[in-house]
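Me: I have a model open and want to go through a few local features. Can we take them one at a time?

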Amino acid sequence: MAEARNSIAAPMGMAGSNRRADMLTHIILVLGVLLFALPIWIVLMGSTHDAGTIGRGDVPLLPGAEAAANYSAVWSQGNKQRAGVPVSTMMFNSAIMALLITFGKIAISIISAYAVAFFSFPGRMLFFWAIFITLMLPVEVRIFPTFQVVSDLGLVNTYAGLIVPLIASATATLLFRQFFLTIPDELVEAAKMDGAGPIRFFKDVVLPLSATNIAALFVILFVYGWNQYLWPLLVTTSTDVETIMIGIVKMLGSQGDTEWHLVMATTVLALLPPVAIVILMQRWFVKGLVETEK
């Protein structure tokens, strides 16, 4: 009887320990969500109040009555006191920059990785390691030489000047190459026996197998392009190609004259495109990151 009671008590004790561990895990997760979400909630609520409420130092946690006026003002007019550019224009510039950087990085990287993984030519690994070494160079190290080249080519204050210097990606090339190395040699040989040349093999085999990787990289690279600040700050002096990140910073004046309700409304609008991309492509994004067997 004693042994039976002990055999029953042991699973009950383990179940209680598991429940406590699960409860602790959930508490930590909830605290993490609150720490992350509370500042965003304050900005969202602050964008619905008038300038007086924010100016008094109040921290609004409930919606106000000025949401429509604030968002309409920044969307069509911007902050005339500081930026003078409608948020719609700045978001359009950021979208063009982010999309072209994303598509350009993916196109160049997948073609480069395909060449390195499937073709044999003199200096193949030398070229690969030359690409890989660029990962060790931070942007700040090469930004001034890059700006000098862009300036000499007359690309300052142009979309080309914003996009072309950022359009190559050593990280994406490395990731595509590592994936291509997992494609079985039997599949390559079967394609050759069917008469598939390099272009057909790339189009009919490699691209479909790379779909989830492309989707994951699309999300990462779009957010990277959208959030660019340092390079657009250097290469744009005209409001015609000003991005949303530059516009938000220009809206910040001294402590007394910053229209915080408009800044918060602009910040919320700037969050929407990357958040929408992540939500819409969440399934593909997760699949592309965790899927290892193709």
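Me: Where is Asn157 found?
Reply: This is a predicted model. In it, Asn157 sits in the loop between α6 and α7 (159-163).

Me: What is the sign of its phi?
Reply: Asn157 has a positive phi of about 65°, although it is not a glycine. Most residues other than glycine have a negative phi.

Me: Is Asn157 buried, partly exposed or exposed?
Reply: Partly exposed, because its relative accessible area is 26%, and the partly exposed class lies between 20% and 50%.

Me: Back to α6. Which residue follows it with a positive phi?
Reply: Gly154, with a phi near 70°.

Me: And where is the kink in α6 centred?
Reply: On Pro145, and the kink is about 25°.

Me: What span should α6 have, and what does the model give?
Reply: Helix α6 covers residues 139-152, so its 14 residues should span 20 Å at 1.5 Å a residue. The end C-alpha atoms are 20 Å apart, which agrees.

Me: What about the span of α11?
Reply: Its 16 residues, 211-226, should span 22 Å, and the end C-alpha atoms are 22 Å apart, so that agrees.

Me: Which residues of α11 are buried?
Reply: Among them are Thr212, Asn213, Phe218, Phe222 and Trp226.

Me: New topic, the surface. Which residues form the nonpolar patch?
Reply: Leu38, Trp41, Leu44, Val59, Leu61 and Leu62, with about 580 Å² of accessible area together.

Me: Where is Leu38 found, and how does its accessibility class come out?
Reply: Leu38 is in helix α1 (residues 2-46). It counts as partly exposed because its relative accessibility is 46%.

Key: Residues are numbered from 1 along each chain as its sequence is written. This is a predicted model: local features need pLDDT of at least 70, side-chain atom pairs count only at pLDDT 80 or more; totals for chains, interfaces and linings use all residues. Side-chain values use heavy atoms; hydrogens and water are left out. Helices (H or I, at least four residues) and strands (E, at least two) are DSSP runs, numbered from the N terminus. The expected span of a helix is 1.5 Å times one less than its number of residues. The bend at a residue is the angle between axes fitted to the seven residues ending there and the seven starting there. Buried means under 20% relative accessible area, exposed over 50%, partly exposed in between (1.4 Å probe, protein chains only). Patches are made of residues with over 30% relative accessible area and no salt bridge: like charges are joined within 9 Å, nonpolar side chains (Val, Leu, Ile, Met, Phe, Trp, Tyr) within 5 Å. Accessible areas come from the Shrake-Rupley method with a 1.4 Å probe; for residues, only the protein chains shown count as cover. A salt bridge is a side-chain nitrogen of Lys or Arg within 4 Å of a carboxyl oxygen of Asp or Glu.
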